[in-house]
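This report goes through the structure shown below, part by part. Keep the sequence and the 3D view at hand while reading.

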Amino acid sequence: MGEEKRIATYICRGCDIDKSLDIEALRNVATNDSGIEICRDHPWLCGPEGIETIKKDVNEGAEAVVIAACSPRAMTAAFTFDKCFTERVNLREHVVWCHEPNNEDTQMLAEDYFRIGIARARKAKRPEPHLEEVNKTILVVGGGITGMTAALEAARAGYQVTLVEKEEHLGGWLTKFTSLFPKRPPYRDPQPTQCQEMVAEVEGHERIHVIKGAAIEKISGQPGQFDVSVKVGSKTVTFRIGAIIQATGWKPYDATKLSHLCYGRSPNVITNVQMEELAGNGTITRPSDGQPAKSVAFIQCAGSRDAEHLPYCSAVCCRTSLKQAIHIRERNPDAQVYILYKDIRSPGQYEDFYRRVQENTDIFLTKGDVIGVEPIDGDRLRVDVENTLIEPHIQVDADLVVLATGMVPVAADGEAIRALKSARELIAQGEEGAKLDAAKETVVKLAHHEGTEILNLDYRQGPDLPALKYDFPDSHFICFPYETRRTGIYAAGCMRAPNDTDACREDAAGAAMKAIQCVELSSQGAAVHPRWEDRSIPDFFMQRCTQCKRCTMECPFGTLNEDAEGTPQPNPFRCRRCGICLGSCPERIVNFADYSIEILSSMIKAVEVPDEDEEKPRLLGLICENDAYPALDTIGIKRLRYSPYIRFIPVRCLGSVNVVWISDALSRGYDGILLIGCKSGDDYQCHFIRGSELMGTRGENIQEKLEQLVLESERIRVEEISISEYGRLQQIIDEFAEQIDEVGPNPFKGL
Amino acid sequence: MSGNGKQGKILVIGGGISGITVAIEAAEAGCSIVLVEKNAYLGGRVAQSNKYFPKLCPPMCGLEISLRRLRANGRIQCHTLAEVEKIVGEPGNYRATIKHYPRHVNENCTACGACVDVCPVERSNVFNYGLDKTKAIYLPFEAVYPQRFVIDGGVCEGTSCSKCVEACQYNAVDLEEKPRTEEVEVGAVVFATGWQPYDAAQIENLGFGQYSNVITNSIMERLAAANGPTEGRITRPSDGKEIDSVAFVQCAGSRDENYLKHCSGVCCLASLKQATYIREQYPETQIFIFYIDVRAPGRLEDFYAARQEDEKLSIVKGKVAKIEEDPATQDLVVEAEDVFGGGRVSQRVNLVVLATGIVPSEVGVDVPNGLIRDEHGFLVAEQNQPGLLVAGCAKRPVDVSACMRDATGTALKALQNCV
């Protein structure tokens, strides 16, 4: 016992705990059963005296404290002690607030949770931060308004920036625009782009190094240690940076696909981008004969909000057309302008700008469905519109038709490129049969990704960020828009979502903030969002690795590369500490200091499983700590009840559950196992992207395991719930308990 | 600490999703934060929302992660029931006066709830827009941060009652707590003061405040929430009956010279989202949405497109002119244009939801040379001093995701002023 970690345990008697439980019996769990010397109980442990008591023990050498009181989500600051591992046992929300007081089953539940906590405190170690030299320079890819803003914002905060632009000049689309729609009150007049001033500021900034006419050949390494090779002309330059902001912008939707709107069939049908160029040159003229345009028709959503073309809305085209209509009226004062729209989208204060345009009686706006554009009378065009606000069918004749085309991201789908390459390799290796057919199909389906690489990341999971939808790169979308799947690489501006320049600037500043945070946290060996301050990193016991590649394939963040044999090559600063690699490994060689196969196994085995004749089933609940665990707390706070036979153990992510824990539980005699994660699918809520989804696929292995053991498949159930579904969670627990009751006891019990 | 890690201090005014985000993002880059929130809890309007569009996921999910980061971050000092009264100074060197209002419950509180059982006084529950009641001592909602009770000083009988004082084992109730002020020194100030729903009673002809079955979109969020006044069951406020028809009135007071001139940017999607709340509970209920333009920018168009698949959802182009109640049934008759259906419609429904807009919150802070607002009351991005910054809906009406991006970027701008 002398060499064991020094553990002190505490039981709070407050908040109804001592009204429900036999505290003396609970103390025995620590003292008699576990042989721990220190077990103190206190009527108000989070009060000043209680905290002092714990602090004193810590100062006297306790290496770990087990605090059996409220949820770890309560009193977090009070129960945090320097240089000491703290394990919280949730007697309040998970025991006394949701189970019958002074009941044998409630007492057994409390004692089991105490045992689980002690087991974890025994095995877990406080992680030592992984420290390496970290480069804090920010790489910005793309020199348009988003990239320039990101560079300036990071530089103003004191960081070195390297900006790489593929063109020979900075500014991107901004250089082609005559003006921007109004950003400042009273939101009536288009405003100058101030592009030249911005370019000059970027090029003149002492902390910004600009590389123009450049293409990225390769980026290898990890946050804080990315090594970049850039090709400039015939030369290659190499340098090291810490984090990446991708601001590669957008391109207009290919208008040649819009021949039904006469694009390509008449020179007088142009796009909104071409209109910007025309608007910069005095009088606006018809391309066919150079005559001033006396009537101009704008067709909104040309190829947008259209399942055949771009299903999404590009968000700026309405306002761009409003702005261009004003330009036309300024340049050609006699011109009649028509704007034919599906809906005018001018959110927020831009409504003022829309109203200003509506004041102009020579700008005619109507909702309608444009059914076609055809040339008439030589140079003129006729637009047929149905379902308008005035008539069921109107015809608009115009000298010039402007197609308000949408934005397409300049982005590459790293995972698609990887899949394409893998399929090609399979074919080259002489694969046969169904696998060959599948590979050929993949090649056809993904061929358009050929040569689209931008970042050229040296990542096992592909050379660029993965796409989410419509080729826009991944992000968690609502709460954490910078939660990308490649740590330290942040997408911003129109390559992330169609946006106006103001939103691009905001987005650029946000991405710069995340890039800065990433290098700062990496320099401290800490994780980035969402496990901020987690200093543990996965440790791979490589001698036992069988090169099965499950971890390298399943890591949602592309943390692991592979060598030629398929051995994983960890990159700790890419790691988000979700534990999915730990869950994936059949050899169980991946572990964290405070979260490991052994720790969780010992927690699962710490529970006392009653003999069959006691008729007290035991169920294990492995639950996501982010959503299911707080939902379970809410059940307690609401004083709802559920079966006292289930023991819940939180996991970092359902994807971190290793199948061996299930075997451990079954051989220990648990009668059923409930696995609860977050929502998967297109609208996934898993913070680690695919934890629940992976559990779904591992579920097949689990079912195999059950078959081997000749156990009923109903003994294991996987559920997905959201944090607010505490009512449903309560139902799931009780239904599962009933179901297991019907199935009967685990035959391995007591063996 | 190596390199350029920031050590400055930032004052964040407003503890809604934007303010929380500014605080966490700046703190995780090394800054110290003073976060000041006037409510008794953090989370603002997001805490009152049932689901986010377009994922239909619960706001508490993201809030949980953000609050966990906040709780674990020793660099964030969080003051609830507090307001900033005055700021003097210049970028890099501001002095702010914070007024603390009494909570009457101190940090000893464990949220055990013994006080609630003995409290004899009830109050209207503001969190649920008055649709139910709490005791005078109450927990704003179950997953609240800070997890601490609060006493509504406006209704509490004070020392003449003192039942809660006796019931509390932790000496947490202080009925005689007085307001106090403190001063803090910071390098930059972020106004993340958020928004309020437009007062629908101002809108003539739409019947809010007159007819109990005319509600607003904000109230609908509470009605649909599992932790709301009806535990998530959407029923008619007048009689608790099930709903077989409902009308959403878009731009209720918005895009209207007489009320709110601006577009609030989110109400179209909010109504489309709320239509899913109804559909989930009532597969057969007829839903009408009367609109001027449906504004679903970017990929949110997918959400709009998916709702159009619902055959019992009619999306009608036309402005609502008038709503009247049938006194016998308390049903409502919605008089509206129907541009494509030919003229006018008169639609009888059980429930009307007014899609009211976002009004920037009043900001009563005295700052050097005053704050610059636009005609609508939103604070402009560029204020008189670069150390005074604005984030989220205080600046323009946007959805949560845009607030998160803006707040993250604003954290960086604040940090630049603290070097």
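## Domains of chain A

In this predicted model, the C-alpha centres of domain 1 of chain A and domain 2 of chain A are 49 Å apart. The division of chain A comes from a domain assignment. Domain 1 covers residues 1-126, and domain 2 is written as two segments, 138-249 and 452-523. Domain 3 takes in residues 256-389, domain 4 residues 414-450 and domain 5 residues 595-751.

## Contact between the chains

Where chains A and B meet, chain A contributes 72 residues and chain B contributes 66 residues. On the chain B side, the elements that supply two or more residues are α1 (17-28), α3 (59-72), α8 (301-307) and α9 (400-416). Of these, α9(B) gives the most, with 12 residues.

Sorted by class, the side of chain B that touches chain A holds 28 nonpolar residues, 20 charged residues and 18 polar residues.

## Overall form of chain B

Chain B contains 22 strands and 9 helices. Measured out along its principal axes, the C-alpha trace of chain B spans about 70 × 50 × 35 Å. A compact globule of 419 residues would have a radius of gyration near 22 Å, and the 23 Å found for chain B agrees with that.

Of the 419 residues in chain B, 57% are buried. Contacts in chain B between residues at least 6 apart in sequence can also be split by separation: 69% of them join residues at least 24 apart.

## Strand β20 of chain B

Is strand β20 of chain B, residues 351-356, mostly covered or mostly open? The strand is mostly covered, with 6 of its 6 residues buried. This holds for both faces of β20(B). One side carries B:L351, B:V353 and B:A355, while B:V352, B:L354 and B:T356 lie on the other, and all are buried.

## Strands paired with β20(B)

Which strand is joined to β20(B) by 3 bridges? This is strand β13 of chain B, residues 214-216, and the two run parallel. Within this part of the structure, B:T216 has B:L354 of β20(B) as its bridge partner.

Strand β14 of chain B, residues 245-252, is also joined to β20(B), here by 5 bridges, and these two strands run parallel. B:A252 stands opposite B:T356 in β20(B). Both B:L354 and B:T356 belong to one side of β20(B), together with B:V352.

Notes:
Residues are numbered from 1 along each chain as its sequence is written. Chains are lettered from A and ligands numbered from 1 in the order in which they are written. This is a predicted model: local features need pLDDT of at least 70, side-chain atom pairs count only at pLDDT 80 or more; totals for chains, interfaces and linings use all residues. Two residues are in contact if their C-beta atoms, placed from the backbone, lie within 7 Å. Helices (H or I, at least four residues) and strands (E, at least two) are DSSP runs, numbered from the N terminus. Ala, Val, Leu, Ile, Met, Phe, Trp, Tyr, Cys and Pro count as nonpolar, Asp, Glu, Lys and Arg as charged, and the others, Gly among them, as polar. The radius of gyration is taken over C-alpha atoms; the globule rule is 2.2 Å times the number of residues to the power 0.38. A residue is buried if 20 or more other C-beta atoms lie within 10 Å of its own, exposed if 12 or fewer, and partly exposed in between; C-beta atoms are placed from the backbone. Two strands pair if DSSP finds at least two bridges between them.
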